[in-house]
Amino acid sequence: MEKSEEAGADDEPNFRYRGIKAMPFIIGNETFEKLGTVGTSSNLLVYLTTVFNMKSIRAVTLINIFYGTTNLGTLVGAFLCDTYFGRYKTLAFATVASFMGMLVITLTALVSKLHPPHCETEHIGSCIVPTPWQIAFLLLGFGLLVIGASGIRPCNLAFGADQFNPTTESGKKGLNSFFNWWYFTGTVAMMIALTLVIYVQSDVSWALGLAIPTFLMFLACVLFFMGKRIYVKVEPKGSPMKSVMQVIVAAARKRHLKLPEQPWLTLFSHVPSNSINSKLPYTNQFRFLDKGAIITPEDQISSGGSAANSWRLCSIQQVEEVKCLMRVIPIWASAIIYYTALSQQQTYTVFQALQSNRQLGQSNFKIPAASYSIFSMLGLIIWIPIYDQIMVPLLQKITGKEGGITVLQKMGVGMFLSIVTMLVSAFVEQQRRSLALSELTLRIDPRRGVVSSMSGLWLIPQLTLVGVSEAFTVIAQIELFYKQFPESMRSIGGSFSFLGVAVSSYLSSFLVSTVHQTTAGAATGNWLPEDLNKGRLDYFYYLVAALGVINLGYFLLSANWYKYKENVCITQEYPMDRVESEKPLF
């Protein structure tokens with residue numbers, strides 16, 4: 001385990017790593033932050049439709065926009081962190097912002113004047129809608145939560161990793177231990193939030209149920225600032241996106257030049273001595289960018305070997321780093337439809353649960369509708385050790401590859417499972433609706449209509465498949481971005497995953513609104529009405545599955561084209577046998 005130790009004499013700056021001593025504060029902060037944010041955000045869909053009297057379509061649209069903006073903001077947070085503030089200051093500000101956002105949301109439930117009167121009528125159109133200033137106050141809370149998440153998500157894990165010396169064995173072991181505990185405690189926190197906290201919100205009191213995660217977020221703030229004196233605080237070194245823009249500008253300026261026959265030998269190849277990025281071999285993809293590294297008579301070289309004007313001349317190393325980024329973009333784009341399918345399990349599955357029999361056995365206990373999402377988490381948690389301990393060794397014997405299959409193959413498996421998930425979801429919805437329209441009804445919900453006698457436990461298969469799918473695609477995508485992005489761009493790489501979720505949230509919102517409006521006058525009736533029994537949610541699921549099939553085909557083409565990043569140890573020239581990276585199938 002990591003002990004307090006000084007960084008080597010050659011390290012700049014010279015940090016005193018406290019590793020394990022800092023872990024309780026960072027892990028504790030992460031645990032309470034997860035309890036707070038998940039406990040607040042997971043049940044917002046039900047909160048908006050029951051407390052704020054919103055129609056389902058409006059609530060789904062608002063939630064999708066909220067999730068989208070939350071994830072999109074991580075790019076801004078990563079940029080500000082890397083360029084101006086550093087991880088500590090960014091996290092400090094974001095943690096307080098999250099607490100303030102939760103406090104505002106709690107007040108909307110606690111103070112009666114901050115939400116419309118409770119509506120019992122079966123005609124939701126006659127319910128009193130929230131006033132503009134009530135909506136404005138609610139959106140203020142959402143905005144603060146967005147600011148908090150924008151700073152916490154791209155920086156939290158990286159800040160924890162900063163506390164360990166990566167050049168020592170004890171530091172590496174401590175770092176592995178930190179990653180394991182960070183993931184484990186975060187998962188446990190989310191499970192508690194999805195069960196106990198949501199139960200209090202749905203069955204006891206919204207005010208108390210929202211006050212609990214707010215208090216836990218306050219504890220997260222306290223724990224974070226308690227460790228202030230022992231943290232390693234890495235100062236910002238500027239955004240790596242500046243180097244990306246320099247390559248693009250330099251290549252554009254020299255777009256009329258002809259590339260040399262052996263670019264790996266003749267292009268400008270200076271690498272700064274303080275660079276943290278691994279040396280990259282030359283690749284022949286995106287060759288138009290190579291022109292930015294052509295040395296012309298107008299280009300000047302400084303005494304240290306670097307270009308006097310980096311906006312006119314870039315090194316081939318910089319060019320290859322940009323190529324790493326550009327190669328990932330098609331793979332990243334393929335995950336947008338994948339996340340769109342997953343987002344339906346976070347929204348319309350809740351509405352399915354509300355119109356299903358949520359009673360547990362013969363008891364009077366009802367599973368809160370938003371708590372069903374815990375089954376996707378359980379699917380992920382159960383599958384990961386099975387895959388790691390049983391499937392990986394078996395696959396390694398068959399394929400001879402480390403890990404059994406490649407990262408892109410894992411992503412492909414997860415995307416296929418997402419299609420299966422939507423098909424299963426459509427089948428389950430057909431059964432739920434059929435029972436609701438027959439005499440086998442449970443009761444009538446005054447807000448939504450007939451509650452089907454189908455047990456809500458039939459939603460478990462689709463949610464479990466979601467968890468297994470995430471264990472393949474989401475984890476593989478994070479691994480891909482971490483390994484394939486240059487070291488200096490890993491904060492940006494981490495934000496790329498959130499950016500994909502953001503775009504998919506906006507796309508999901510657009511898709512739901514378009515289908516709702518388009519099918520309103522169709523012969524089949526509105527697919528997505530307030531009462532699911534009067535709609536055809538199963539048709540909507542089939543539509544998303546069809547989009548998933550098209551997307552899987554696109555992913556397979558992109559994966560077959562992709563070239564994995566390789567590192568080289570030499571610095572002066574590239575031998576011919578390293579010009580082309582070996583490209584495995586996916």
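What follows is a walk through a predicted model of one protein chain, from its overall make-up to a few individual residues.

To start with the broad picture, the protein chain contains 14 helices and four strands. It runs to 586 residues, and 55% of them count as buried. About 26200 Å² of the protein chain is exposed, with carbon and sulfur atoms supplying 65% of that area. Contacts also reach a long way along the sequence: taking those between residues at least 6 apart, 79% join residues at least 24 apart.

Inside the protein, the largest nonpolar core takes in 133 residues. Helix H9 gives the most to this core, contributing 18 residues. The residues with the most contacts inside the core are Tyr 348, Leu 408, Leu 480, Leu 528 and Phe 540. For Tyr 348, once neighbours within four places in sequence are set aside, the contacts are Ile 57, Val 60, Val 512, Leu 528, Leu 532, Leu 537 and Tyr 541. There is also a second, separate core, made of seven residues, with Tyr 387, Val 392, Leu 395 and Ile 405 among them.

Aromatic rings deserve a look of their own. A search of the whole structure turns up 29 aromatic pairs. One of these brings Phe 159 and Tyr 231 together in an edge-to-face arrangement, with 5.1 Å from centre to centre and 80° between the planes. That pair links distant parts of the chain: Phe 159 belongs to helix H4 (residues 132-161), while Tyr 231 sits in the loop between H6 and helix H7 (241-253), 72 residues apart. Phe 159 counts as buried because its relative accessible area is 1%, and Tyr 231 is buried too, at 7% relative accessibility. Both rings belong to one aromatic cluster, formed by Tyr 88, Phe 159, Phe 224, Phe 225 and Tyr 231.

On the outside, a nonpolar surface patch covers about 560 Å². Its members are Tyr 199, Val 204, Leu 208, Ile 212, Leu 360, Phe 365 and Leu 457. Two elements give two or more residues to the patch, namely helix H5 (169-204) and helix H6 (206-226). Phe 365, for its part, is found in the loop between helix H9 (316-354) and helix H10 (374-399). With a relative accessible area of 35%, Phe 365 is partly exposed; patch residues need over 30%, so Phe 365 clears that cut-off.

Two further residues round out the tour. Ser 315 lies in the loop between helix H8 (263-266) and H9. Despite the loop setting, Ser 315 counts as buried because its relative accessibility is 4%, which falls under the 20% limit. Leaving out residues up to four places away in sequence, Ser 315 touches Phe 268, Ser 269, His 270 and Ala 293.

Pro 461, in turn, is part of helix H12 (residues 460-484). Its relative accessible area is 36%, so Pro 461 comes out as partly exposed, between the 20% and 50% limits. Along the chain, Pro 461 and Phe 375 are 86 residues apart, yet their C-alpha atoms are separated by 8.6 Å.

Methods: Residues numbered from 1 in each chain as written. Predicted model: local features only at pLDDT ≥ 70, side-chain atom pairs only at ≥ 80, totals over all residues. Heavy atoms only, no water. Patch = residues over 30% accessible without salt bridge, like charges linked within 9 Å, V, L, I, M, F, W, Y side chains within 5 Å. Areas by Shrake-Rupley, 256 points an atom, 1.4 Å probe, with all protein chains shown as cover. Salt bridge = Lys/Arg side-chain N within 4 Å of Asp/Glu carboxyl O. Buried < 20%, exposed > 50% of the residue type's maximum accessible area, 1.4 Å probe, protein only. Core = buried A, V, L, I, M, F, W, Y, C linked by side-chain atoms within 4.5 Å. Contact = heavy atoms within 4.5 Å. Phe/Tyr/Trp six-rings, centres within 6.5 Å; stacked < 30°, edge-to-face > 60°.
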